[in-house]
Amino acid sequence: MTVIVEQPELEVEVVEKKDDVEENELLLDGGFVVPETNSFGQTFRDYNAESERQSSVEQFYRTNHINQTYDFVKKMREEYGVLNRVEMSIWECCELLNEFVDESDPDLDEPQIEHLLQTAEAIRKDYPNEDWLHLTGLIHDLGKVLLHPSFGALPQWAVVGDTFPVGCAFDESVVHHKYFKENPDYNNPAYNTKFGVYSEGCGLNNVLMSWGHDDYMYLVAKENKSTLPSAGLFIIRYHSFYGETQQSRNFGIMTTGLDF
Ligand SMILES: [Fe+2]
């Protein structure tokens, strides 16, 4: 996996190409070595693992894939980009989020607030000097407050789950891809070609992603003039973009799913 961000302000140890990187570790350009488990020994999300939630997760993705259209995303970005909902502190937001369960995650049953704190602490353990990264971990999921009535009580399919580009053909690497056949954009010639409404190399930041907590929290941070480095904003915006690889290369940037 590779992360290329416009002038990222990373100060993590740069890992030069060397032979002693463990075979099961994934090397990201710029110096990150991503392990298969976090500091607490937890693995990252696995959609193939047997779990009681597996079928409900699949149902979640069916609804998500049917409804996340180009027009829907445009409308939501316009509506929520004005940030006229609520004003609250980061900690108030963490507490508010605690009322909800993420129905898209096959292996996450812990309360949201624990997920946020564990994420921040796990990053602090692995990257003790990168305080901006600890903060990024703490706030990366706060956009899930879209589930709360104060923020419009959006349905789960419009808040959580893996994200993917809209306005162009749905990439086959997206989890439960078969359900896109029921999305109105699937048969729309304006949206169902490789580049759709975009052009090759236009930059991922110019591509609309399915609407949810990632893009919303990015808009909140950006519009509030967050001082996080661009790499932090990038992580917030794309941390649920697991269906990367070829599609993100097409648009001129590679990214990775980083749900810590
Ligand atoms: Fe998330």
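In this predicted model, helices α4 (112-126) and α5 (residues 131-139) are roughly antiparallel to each other, because their axes cross at roughly 160° and angles over 145 degrees fall in that class. The two axes, lines fitted to C-alpha atoms over the stretch in contact, with angles from 0 to 180 degrees between N-to-C directions, come within 7 Å. Residues Leu116, Leu117, Thr119, Ala120, Ile123 and Arg124 of α4 are in contact with Leu133, His134, Gly137 and Leu138 of α5, contact meaning heavy atoms within 4.5 Å. By class, six of these residues are nonpolar, three polar and one charged.

Helix α5 also packs against α7 (residues 230-238), with axes within 10 Å and a crossing of roughly 20°. This makes α5 roughly parallel to α7, the class for angles under 35 degrees. Trp132, Leu133, Thr136 and Ile139 of α5 and Ala231, Gly232, Ile235 and Ile236 of α7 make the contact, which has six nonpolar, two polar and no charged residues.

The largest nonpolar core, a set of buried residues (under 20% relative accessible area, 1.4 Å probe) joined through side-chain atoms within 4.5 Å, has 61 residues. Leu142, Leu146, Leu154 and Trp211 have the most contacts inside this core. At least two core residues come from each of α1, α2, α3, α4, α5, α6 and α7. Beyond its neighbours within four places in sequence, Leu154 is in contact with Met76, Tyr80, Leu146, Leu147, Val159 and Trp211.

Residues are numbered from 1 along each chain as its sequence is written, and side-chain values use heavy atoms, without hydrogens and water. Local features of the predicted model need pLDDT of at least 70 and side-chain atom pairs count only at pLDDT 80 or more, whereas totals for chains, interfaces and linings use all residues.

Terms used:
Helices (H or I, at least four residues) and strands (E, at least two) are DSSP runs, numbered from the N terminus. Angles under 35 degrees count as roughly parallel, over 145 as roughly antiparallel, 65 to 115 as roughly perpendicular and the rest as oblique. Ala, Val, Leu, Ile, Met, Phe, Trp, Tyr, Cys and Pro count as nonpolar, Asp, Glu, Lys and Arg as charged, and the others, Gly among them, as polar. Buried means under 20% relative accessible area, exposed over 50%, partly exposed in between (1.4 Å probe, protein chains only).
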